[in-house]
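Could you walk me through this structure, one selection at a time? I have it open in my viewer and would like to know what to click on and what is there.

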Amino acid sequence: MSLNPKIGRILFKGEWSPQQVDSAWNPSAPPLPTQLQQSIDQFWRQRQARHTFNGDLARLAGYEFRETGLKLYLQASDYKTLLYSNQHASRLAEKNPEHLSRALGISAIVETNNNSIVYIKRSDKVGEYPLVHDIPGGHIDVPESGTPDAFASIKQEIIEELGIPVRNPIELIGMIETFETLKPELIFKFFSQLSEKDIKNFGRTAKDRFEYTDLLFCPCDKLSALLSDKTFSPSAYSSLVLYSQTQEVIC
């Protein structure tokens, strides 16, 4: 399955365990021009009426491949800068691409014990892409001290969105970038060993259950048909195409 370049692109793909991914952390956000920062702050004040929380995020400053694995260079950012950047990505990219948020997203391909993929239908309560189909994910948490951990963050996202235990290893399988927002995203794979019924039962009490209206499943060999039939967020669509390219079965 090939990725539509109007939706996104695959930056790299492969297989990395937590021990093969190292991160360098810069806790200082990149300076922005005064006028741009004022525009971001004004944009955020308009959003606050919707009770949106501005949290700290990690942005992607760069990455490189080494003999021992993958090195990520992360830098401080926040949610309000991300939302502004997403809304004005094409203009920022044309004039000053270095001012794009580049907040690093994380998404999880969760497999059931019968080779189905878990996906959701987003609710109307989320800040972006309401009522479209998606996969579990979010952004990298910034701890009070130490370096942000992408694997720990995606584990937490799976637990909070699906409510399932995460005991098996999580594997990084690549990175994508969406065309609409020019936002990079790490894609992970997790085999849960649970059935669809079990995952549905866990999902009923998940902490972030309000973020979606339906918890759905698709057999891996039906993935191509699913993507042509349903409307997915750009990052979810790109993530699922990347996943299909890493599988031995033809999706």
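How many bridges join strand 5 to strand 10, and do the two run parallel or antiparallel? Select both strands: seven bridges join them, and they run parallel. Keep in mind along the way that this is a predicted model.

**Stop 1: strand 5**

Stay with strand 5, residues 105–111. Seven of its seven residues are buried, so the strand is largely enclosed by the rest of the structure. In a regular strand, side chains alternate between the two faces of the sheet. Try colouring the two sides here: Gly105, Ser107, Ile109 and Glu111 are on one, with Ile106, Ala108 and Val110 on the other, and both faces are covered.

Now add strand 8, residues 137–139. Three bridges join strand 8 to strand 5, and this pair runs antiparallel. To find one partnership, click glycine 105 and look for histidine 139, its bridge partner in strand 8.

**Stop 2: across to strand 10**

Go back to strand 5 and pick alanine 108. Opposite alanine 108, in strand 10, stands phenylalanine 188. What does phenylalanine 188 contact, leaving aside its neighbours within four places in sequence? Among its contacts are Ile106, Ala108 and Ile109, along with Ala150, Phe151, Ile154 and Ile170.

Show the largest nonpolar core next, which has 35 residues. Phe188 is one of the three that touch the most other members; Ile158 and Leu186 are the other two. Helix 4, residues 150–162, gives the most to this core, with five residues. There is also a second, separate core of 20 residues, including Tyr119, Ile135, Cys220 and Leu226.

**Stop 3: a buried glutamate**

Still in strand 10 (residues 184–191), select glutamate 185. Is glutamate 185 buried or exposed? Its relative accessibility is 4%, and buried means under 20%, so glutamate 185 counts as buried. Look at the side chain: it makes a polar contact with the side chain of serine 107, at 2.4 Å. Leaving out residues up to four places away in sequence, glutamate 185 also touches several others, including Leu104, Gly105, Met175 and Ser235.

**Stop 4: the loop after strand 5**

Follow the chain into the loop between strand 5 and strand 6 (116–122), and click asparagine 114. With a relative accessible area of 43%, asparagine 114 is partly exposed. The side chain of asparagine 114 makes a polar contact with the side chain of threonine 112, at 2.4 Å. Then draw a distance from asparagine 114 to glutamine 193: they are 79 residues apart in sequence, and their C-alpha atoms are 8.4 Å apart in space.

**Stop 5: a hairpin**

Time for another part of the chain. Select strand 3 (residues 56–66) and strand 4 (residues 69–78), which run antiparallel and are joined by ten bridges. Together they form a hairpin with two residues between the strands. For one example, click arginine 59 and find glutamine 75, its bridge partner in strand 4.

**Stop 6: rings**

How many aromatic pairs does the structure hold? The total is nine. Show tryptophan 16 and phenylalanine 65 for a stacked one, with 6.2 Å from centre to centre and 20° between the planes. Tryptophan 16 lies in strand 1 (residues 8–16) and phenylalanine 65 in strand 3, so the pair ties together parts that are 49 residues apart in sequence. Tryptophan 16 counts as buried, at 10% relative accessibility, whereas phenylalanine 65 counts as partly exposed, at 47%. Add Phe12 and Tyr63 to the selection, and you have one aromatic cluster with Trp16 and Phe65.

For another arrangement, pick phenylalanine 43 and tyrosine 84. Their ring centres are 5.6 Å apart and their planes lie at 80°, so this pair is edge-to-face. Phenylalanine 43 is in helix 1 (residues 34–47) and tyrosine 84 in helix 2 (residues 79–87), so you are seeing a link between distant parts of the chain, 41 residues apart. Phenylalanine 43 is buried at 14%, and tyrosine 84 is buried too, at 6%.

**Last stop: tyrosine 79**

Stay in helix 2 and click tyrosine 79. Tyrosine 79 counts as buried, at 19% relative accessibility. Beyond residues up to four places away in sequence, tyrosine 79 touches Trp44, Thr52, Phe53, Asn54, Gly55 and Leu57.

Terms used. Residues are numbered from 1 along each chain as its sequence is written. This is a predicted model: local features need pLDDT of at least 70, side-chain atom pairs count only at pLDDT 80 or more; totals for chains, interfaces and linings use all residues. Side-chain values use heavy atoms; hydrogens and water are left out. A nonpolar core is a set of buried Ala, Val, Leu, Ile, Met, Phe, Trp, Tyr and Cys residues joined through side-chain atoms within 4.5 Å. Buried means under 20% relative accessible area, exposed over 50%, partly exposed in between (1.4 Å probe, protein chains only). Helices (H or I, at least four residues) and strands (E, at least two) are DSSP runs, numbered from the N terminus. Contact means heavy atoms within 4.5 Å. Two strands pair if DSSP finds at least two bridges between them. Rings of Phe, Tyr and Trp (its six-membered ring) pair if their centres lie within 6.5 Å; planes under 30 degrees apart count as stacked, over 60 as edge-to-face and the rest as tilted. A polar contact is a pair of N or O atoms within 3.5 Å; within protein, one must be able to donate a hydrogen and the other to accept it, and residues adjacent in sequence count only if both atoms are side-chain atoms.
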